[in-house]
Amino acid sequence: MPPVSQLMVPLPVKSVPDSSNVGAELTGKLNKEEIMKWLAKFYQRREIKAAAVENGIDNYIYHQTYLSFRKFCLEDDKLPVDLHVTLSDIIAGACHLDSLLPYFIRHAKQAFPHLECLDDLKKISDLRLPANWYPEARALTRKIVFHSGPTNSGKTYHALERFFNSKSGVYCGPLKLLASEVYYKSNQRGVPCDLVTGEERNFANATDKSPSSHVSCTVEMVSVNTPYEVAVIDEIQMLKDPSRGWAWTRALLGVVAEEVHVCGEAAAIDVVKEILMSASEEIEMRRYKRLTELIIEDASLGTLDKIRPGDCLVCFNKQDIFWSMRQIEAMGIECAVIYGSLPPGTKLAQAKKFNDPDHPCKVLVATDAIGMGLNLNIGRVIFNSLIKPTTNEKGEKEMDTISTSQALQIAGRAGRYGTQFSTGYVTTLKNEDLPTLKRLLSQHPEPINQVGLHPTAEQIELYAYHLPHANLSNLIDIFVNLSTLDDSLYFICNINDFKFLADMIQHVPLPLRARYVFCCAPINRKIPFVCSMFLKFARQYSRNEVLSFDWLGRQIGLPFSCPNTLLELVHLESVFDVLDLYLWLSYRFQDLFPDASLVRDMQKELDCLIQTGVAQLTRLLINSETGVSSGTSQAVEAEENQHVPSAKKTPYFHNAVNIVNSISSHGRIADRLLSEGLLTPKLLEDLKTEWQREKDNETAHETVCTVTSPLSTKRSKNEMFKAVKRINRKRVK
């Protein structure tokens with residue numbers, strides 16, 4: 001990050017309003033040209049620069065203060081009396097130029113208030129001993145048990161058994177799905193348990209809504225003030241997550257429990273020991289081995305024709321999912337589909353269909369969303385690819401091979417203990433990926449060296465007290481810049497999403513605490529519809545106007561209908577995210593978000609519509625490709641790439657460019673488009689008719705390209721774009 005001084009925005013400095021100009025009455029009016037000349041000399045003096053450094057003023061602030069001080073002296077007609085007299089004496093030669101230094105320093109501290117409180121700011125952002133933030137946990141002698149093992153080793157099972165048998169307990173899971181699963185299991189076993197997630201709280205005792213002794217929650221929601229007998233922290237290796245790692249660090253150090261059971265990969269053992277050593281706590285190790293055998297097949301699948309019941313094809317982008325599903329269902333094989341943006345209910349419905357031995361669906365096509373949170377009866381995991389798109393610190397997309405940890409997590413889903421698949425198998429679709437997969441699965445995950453921390457609302461409020469004119473995004477930058485931490489053990493979690501939301505609502509007048517809460521909202525900033533609704537929520541809240549169910553319905557376009565195209569399905573998924581956002585805010589601002597129960601009911605109905613759409617995904621794809629919408633690629637881009645500033649291009653034209661680039665080296669256009677499902681026979685006939693009409697109007701000397709000729713000239717590309725767009729416009733009408 002840049003030096004902290006460059007994060008500071010200089011404040012305008014004005015003299016105290018006064019009806020009289022005492023300085024002018026004493027010494028007369030100042031000559032502005034003389035002031036400019038002497039201030040320039042003052043600025044260039046080495047002695048002045050050295051004195052400024054002694055007062056904490058670096059080169060950047062020195063220059064900015066000079067510009068502000070010069071403007072103040074030249075434009076303000078009523079300068080402070082002492083400054084006016086000093087300038088007059090300097091111009092008259094009655095005193096030395098260096099006499100301006102105290103006024104310059106005073107001006108610098110007015111323009112840059114942090115100069116007065118820099119030591120206090122550094123103390124607030126001292127993160128070297130996070131264990132001391134939780135005095136209630138430090139007051140206990142906690143017993144820490146680390147359950148270490150791979151996927152399907154029973155580590156979480158043993159920890160949960162202790163949870164179920166305790167007098168009181170809390171389970172901290174990485175996903176709402178896992179928290180919900182423990183909530184249902186606990187209540188089924190006769191152990192009353194509440195569910196607490198970012199969006200809701202369900203009480204086991206629904207009549208009087210009294211809190212139960214057991215709680216299942218997402219890790220961000222765990223209380224660090226409520227005492228428990230047993231706490232279970234699942235997927236502890238998530239300490240290293242660049243965005244959410246702070247929540248596991250907080251739970252590990254802060255949960256007030258006599259016994260703390262952490263479950264996860266062996267890669268986290270050393271770093272957990274280091275963290276707990278700072279709290280003077282010891283750890284008891286329990287290691288587990290995989291309960292079923294996992295075999296890497298000697299040959300790749302090669303073709304989807306070899307898919308068999310119990311297979312799960314893992315893809316890392318939606319286009320691969322949709323293409324693979326079309327190919328599999330074209331062979332008469334029904335398959336379930338799971339990807340990250342689907343609502344939890346839809347994921348569970350698809351998982352239930354796949355797990356049901358009496359259901360004809362025997363194949364699953366999914367993203368790495370299956371890595372945690374779902375119990376799936378998978379016999380064999382097939383990696384469609386080992387390359388996964390990621391986003392770097394600058395927000396740019398990158399393609400990289402999956403990590404050893406990711407490969408082990410996903411492959412380990414094959415051969416679940418207690419199912420008909422007593423042995424799990426894993427392979428790749430492509431021959432060239434199999435050696436890489438074998439190498440990844442033969443390795444151990446790299447040991448975790450650092451865990452995440454995040455500034456708290458209280459720390460930011462203290463910063464705002466000292467820097468009342470800085471905006472929230474600026475306060476966060478200053479905090480991170482001034483923070484002191486043991487970088488051999490900790491790192492500051494990624495705050496780009498937080499700053500993005502802070503900048504989005506900067507112009508909305510909100511109290512600091514409310515602004516901080518809004519910026520912590522878990523939304524996907526890539527989806528414009530969700531971001532626009534977030535902004536509307538903030539504006540409505542700032543006006544102290546109730547966000548009622550009726551108001552929300554008007555904003556999201558009630559009523560909904562079953563999706564007929566892929567674009568409509570993607571839109572319903574984004575609406576579901578908006579309802580999640582409403583529920584998340586209603587948990588924190590109940591007075592202005594009062595209709596949580598109605599929204600939750602609407603969300604259940606919307607989930608059913610999305611489930612129906614996913615169950616008919618093949619039909620949606622066909623509708624998308626026959627002119628009802630603009631195609632599969634556009635639907636995927638609508639969710640994944642809308643943050644890219646390319647709005648001036650029409651969606652279909654953007655899609656056509658991708659098609660042209662992807663097929664330029666693959667022979668006949670029509671064959672390629674038909675084989676990939678991007679063109680139907682009917683649309684092909686319409687294209688022929690359209691282009692034949694253009695051919696008749698061409699002059700005899702012009703070369704005319706038909707749909708079956710090679711795509712070799714720029715003219716043929718443009719003609720294809722125009723024809724396709726015209727036909728689709730007609731179909732939409």
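Tyr171 stands opposite Ser216, and that Ser216 belongs to strand S5. I start there since S5 will come up several times. Please keep in mind that what you see is a predicted model.

The strand that pairs with S5 here is S2, and the two run in the parallel sense over five bridges. On another side of the pairing list, strand S3, residues 193-196, is joined to S5 by four bridges, also parallel. In that pair, Val196 faces Cys217 of S5. For those new to this, strands of a sheet pair through backbone hydrogen bonds, and the sense can be parallel or antiparallel.

Is S5 enclosed or open to the outside? Five of its five residues are buried, so S5 is largely enclosed by the rest of the structure. Both faces are covered. His214, Ser216 and Thr218 are buried on one side, and Val215 and Cys217 are buried on the other.

Back to S2, which spans residues 169-173. Strand S6, residues 227-233, is joined to S2 by four bridges, and the two run parallel. Within that pair, Val170 stands opposite Ala231 of S6.

Now the whole sheet. Eight strands form an open sheet, and if you trace the order you get S4-S3-S5-S2-S6-S7-S1-S8, with mixed pairing. Which strands stand at the edges? They are S4, residues 201-202, and S8, residues 283-287. Each has a single partner strand, so one side of each is left without a neighbour in the sheet.

There is other strand pairing to look at, around S16. Strand S9, residues 293-296, pairs with S16, residues 423-428, in the parallel sense over four bridges. Ile296 stands opposite Val426 of S16. Strand S13, residues 380-383, is also joined to S16 by four bridges, again running parallel. There the bridge partner of Arg380 is Tyr425 in S16. Arg380 has a second role: together with Glu297, Arg308 and Asp311, Arg380 is linked in a network of salt bridges.

That brings me to charges. Side chains of opposite charge can pair when their charged atoms come close. How many salt bridges does a search of the whole structure find? The count is 31. I will take three pairs.

The first pair is Arg142 with Glu281, where the closest N and O atoms are 2.8 Å apart. Arg142 lies in the loop between helix H9 (135-138) and strand S1 (143-148), and Glu281 in the loop between H13 and S8, so the pair ties together parts that are 139 residues apart in sequence. Both Arg142 and Glu281 are buried.

The next pair is Arg244 and Glu220, whose side chains meet at 2.7 Å, N to O. This pair also links distant parts of the chain, 24 residues apart. Arg244 is in the loop between S6 and helix H12 (245-254), while Glu220 is in the loop between strand S5 (214-218) and S6. Arg244 is partly exposed at 23% relative accessible area. Glu220 is partly exposed too, at 24%.

The last of my pairs is Arg513 and Glu458, which form a salt bridge at 3.6 Å, N to O. Here both partners sit in helices: Arg513 in H21, residues 512-519, and Glu458 in H18, residues 457-466. They are 55 residues apart, so to speak of distant parts of the chain applies here as well. Arg513 has a relative accessible area of 37%, which counts as partly exposed. Glu458, at 45%, is partly exposed as well.

Not every charge I looked at belongs to a pair of this kind. Asp270, Glu274, Asp486 and Asp487 form a negative surface patch. One of them, Glu274, is found in helix H13, residues 269-278. Is Glu274 buried or partly exposed? At 42% relative accessibility, Glu274 counts as partly exposed.

One more residue before I stop. Met399 is in strand S15, residues 397-401. With a relative accessible area of 57%, Met399 is exposed, because the cut-off for exposed is over 50%. Met399 and Pro389 are ten residues apart in sequence, and their C-alpha atoms are 4.5 Å apart in space.

Definitions and conventions:
Residues are numbered from 1 along each chain as its sequence is written. This is a predicted model: local features need pLDDT of at least 70, side-chain atom pairs count only at pLDDT 80 or more; totals for chains, interfaces and linings use all residues. Side-chain values use heavy atoms; hydrogens and water are left out. Patches are made of residues with over 30% relative accessible area and no salt bridge: like charges are joined within 9 Å, nonpolar side chains (Val, Leu, Ile, Met, Phe, Trp, Tyr) within 5 Å. Accessible areas come from the Shrake-Rupley method with a 1.4 Å probe; for residues, only the protein chains shown count as cover. A salt bridge is a side-chain nitrogen of Lys or Arg within 4 Å of a carboxyl oxygen of Asp or Glu. Lys and Arg count as positive and Asp and Glu as negative; His and the chain ends are not counted. The place of a charge is taken as NZ of Lys, CZ of Arg, CG of Asp or CD of Glu. Buried means under 20% relative accessible area, exposed over 50%, partly exposed in between (1.4 Å probe, protein chains only). Two strands pair if DSSP finds at least two bridges between them.
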